[in-house]
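Student: I have a two-chain model open and want to go through how the chains meet. Can you help?
Tutor: Yes, put it up.

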2 protein chains.
Amino acid sequence: MSDRIYNFSAGPSMLPLSVLEAAASEMTNFAGSGMSVMEMSHRSKVYLSIFEEVKESLKKALSVPDTHEILFMQGGATFQFSAVPLNLMGEDGSADYAITGNFASVAMNEAKKYGAVNIAASSEDKNHTYIPAQSEIKTSNGASYFYYCANNTIYGTEWKYIPSVSAPLVCDMSSSILSKPVDVPKFGVIFAGVQKNMAPAGMAVVIIDKALAGQELKYTPRLMSYKVAIEKDSMDNTPPCYTIYMLGLVLKWLETQGGVAGMEKLKTAKAKLLYDYLDESALFSACVPGADARSDMNVTFRAATEELDKAFVKDAAAHGFENLAGHRSVGGMRASIYNAMPEAGVAALVKFMNDFELKNK
Amino acid sequence: MSDRIYNFSAGPSMLPLSVLEAAASEMTNFAGSGMSVMEMSHRSKVYLSIFEEVKESLKKALSVPDTHEILFMQGGATFQFSAVPLNLMGEDGSADYAITGNFASVAMNEAKKYGAVNIAASSEDKNHTYIPAQSEIKTSNGASYFYYCANNTIYGTEWKYIPSVSAPLVCDMSSSILSKPVDVPKFGVIFAGVQKNMAPAGMAVVIIDKALAGQELKYTPRLMSYKVAIEKDSMDNTPPCYTIYMLGLVLKWLETQGGVAGMEKLKTAKAKLLYDYLDESALFSACVPGADARSDMNVTFRAATEELDKAFVKDAAAHGFENLAGHRSVGGMRASIYNAMPEAGVAALVKFMNDFELKNK
């Protein structure tokens with residue numbers, strides 16, 4: 001592994017080395033089929049057996065009940081920003097949105113094309129550095145759904161509770177899925193772009209309460225219909241077959257790590273290492289003050305000055321810690337420590353930060 | 001290569017072995033970056049240099065003029081079935097469709113959600129075994145565009161001419177792109193799912209006359225807007241980074257084979273081998289009678305009886321010729337011989353067919 005760097009990218013992001021090695025070893029001939037998985041007809045027996053196994057593994061990993069269906073859809077989370085209102089808003093409908101970051105905001109603006117939107121909660125007043133409490137959520141009457149983003153990648157915040165509302169819950173879990181157990185039955189729709197904790201970019205996993213399908217607006221593009229996707233088992237058109245296979249390899253690796261319970265332990269330990277150091281540091285500080293809102297996936301922080309931010313990011317890259325610059329809209333730094341980032345990577349980063357602090361006293 | 005089979009799948013389909021080997025060798029560490037391409041931030045310098053190189057190679061391979069933009073969009077061709085009318089139909093607009101197979105028909109049905117549709121030509125009367133002549137095309141007044149599918153994968157037909165019409169030409173080239181030179185300036189929009197001649201499934205390449213962008217209907221999903229895709233250089237959201245990289249490897253291989261001119265020579269030779277045999281065989285016959293309509297990419301044929309069709313497909317698979325069954329809607333056989341199928345593969349198939357014929361006299 002000496003030729004590999006620690007990649008703190010917010011997404012696409014690190015994959016387990018063993019997963020990449022398995023993919024490479026099977027690239028020209030998968031399990032004696034004489035073909036790469038990339039070359040297989042999606043209707044072939046050999047591919048369908050991969051597909052079914054991946055679905056089954058994901059169902060097991062997240063304890064998805066039979067009331068819910070797992071869909072693999074192209075287009076990432078952005079595709080879902082449109083698909084959610086197109087499928088759930090209804091004619092002349094409305095929806096509630098909690099705005100705790102950029103992606104929730106983009107999703108809400110997309111929903112405005114298809115119905116009325118109510119901002120049920122927002123953290124914009126403090127530049128999204130906190131998560132609104134349950135008591136601050138103001139839902140509207142007749143909302144077709146309540147939408148929120150579980151983990152805000154840019155700002156480094158995370159909802160530590162599931163909002164209690166009467167409308168079906170729709171949640172963007174792109175940057176936290178598979179990092180801990182999820183109470184799936186509480187949700188109408190969970191979706192997640194796969195490029196953070198699941199697979200290479202190019203797909204979203206959707207977990208939908210089947211009772212919610214079938215209400216799409218009449219101009220919904222065929223590929224965006226949850227009903228069609230459910231009926232065709234995600235194969236109305238050719239799915240991103242190789243991405244699904246890669247997700248399968250990641251799920252196999254996840255199982256060897258104790259599943260989502262194992263991941264929860266690991267992420268808690270990794271985040272604690274980093275936040276504890278940040279809270280003690282005289283040079284660096286966490287951007288999110290409240291422990292009740294700090295993301296365990298994306299740790300945002302700053303040095304004492306913007307110049308030191310830049311010097312740190314540059315110096316870190318030179319030492320094999322890549323992609324630590326914060327999102328261009330907020331600056332500072334961000335260490336994305338998804339499932340595939342080993343604890344040793346975080347420990348090495350903390351040591352490097354400490355050394356940097358000593359040099360820049 | 002002895003452990004590899006000849007894969008005649010209609011898509012996803014064969015990729016050049018050298019491309020797969022290159023992908024495998026770079027899987028855990030791309031060009032000293034310490035990362036897989038799968039793990040790279042799409043905004044990183046290292047990834048953007050891959051992205052720009054792929055776009056440049058494709059522009060060069062197809063001689064795309066500066067009036068046109070190349071887009072990488074998720075969702076395959078089916079996504080484009082919706083995107084085309086959403087972007088080009090206009091309010092209360094209409095469009096002309098040539099129906100020469102299943103996918104043109106699916107595309108037309110999707111367009112009906114967004115405007116009026118006129119069937120300008122159809123081969124349905126003879127079960128899509130021919131291509132209508134220019135003189136048979138009846139365009140309508142005021143059509144926003146004229147739509148056709150260049151190669152009909154299921155039926156094994158191919159347009160050998162570019163229709164001459166006054167509306168902007170929109171063409172689905174999913175199963176023939178990169179198999180020969182294309183007169184790109186004649187087209188308003190060319191699109192192609194990549195899973196046949198370009199890359200693993202999960203993306204479409206769109207080549208659009210920039211003058212046509214910006215007329216989308218107001219409820220067009222953000223990810224389906226050609227205007228947004230052009231403005232954001234296909235990165236409004238995270239693109240399918242690895243699929244784009246694989247396309248780059250295929251384009252490098254294509255260049256070593258003489259580019260699209262080399263591919264045209266090769267495909268003509270391969271198709272001739274197969275059609276010549278079919279025309280002489282007493283057991284097998286081509287499904288498409290006219291040489292002016294026969295696809296060089298998907299060769300459809302039948303044995304004397306359905307029982308022999310089945311026996312042939314089974315026997316062929318046992319001898320390393322995979323995926324020769326025809327589409328489930330038409331039966332018979334289909335040999336898809338895209339760019340990556342070597343001439344030796346077609347020669348071996350013809351020899352096997354000949355042996356089968358001798359055994360079943």
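Student: How many residues does the contact take from chain A and from chain B?
Tutor: The contact (heavy atoms within 4.5 Å) takes 61 residues from chain A and 61 residues from chain B. This is a predicted model, where local features need pLDDT of at least 70 and side-chain atom pairs count only at pLDDT 80 or more, while totals for chains, interfaces and linings use all residues. Residues are numbered from 1 along each chain as its sequence is written, and side-chain values use heavy atoms, without hydrogens and water.

Student: What area is buried between them?
Tutor: About 4500 Å², with carbon and sulfur atoms giving 60%. Buried area is the accessible area (1.4 Å probe) that two parts lose on being put together, summed over both.

Student: Which residues in chain A lose the most area to chain B?
Tutor: Met38(A), Glu39(A) and Tyr219(A), together 14% of what that side buries.

Student: How many salt bridges cross the interface?
Tutor: The rule finds 2 between chain A and chain B, counting a side-chain nitrogen of Lys or Arg within 4 Å of a carboxyl oxygen of Asp or Glu. One of them joins the side chains of Glu39(B) and Arg4(A), at 2.7 Å from N to O.

Student: New topic. How are the two copies related?
Tutor: A turn of 180° and a shift of 0.0 Å along the axis lay chain A on chain B with an RMSD of 0.0 Å, superposed by least squares on the C-alpha atoms of residues with pLDDT of at least 70 in both. The two copies are thus related as by a two-fold rotation axis.

Student: Which residue of chain A comes closest to that axis?
Tutor: Ala24(A), with its C-alpha at 2.2 Å.

Key
Chains lettered and ligands numbered in written order.
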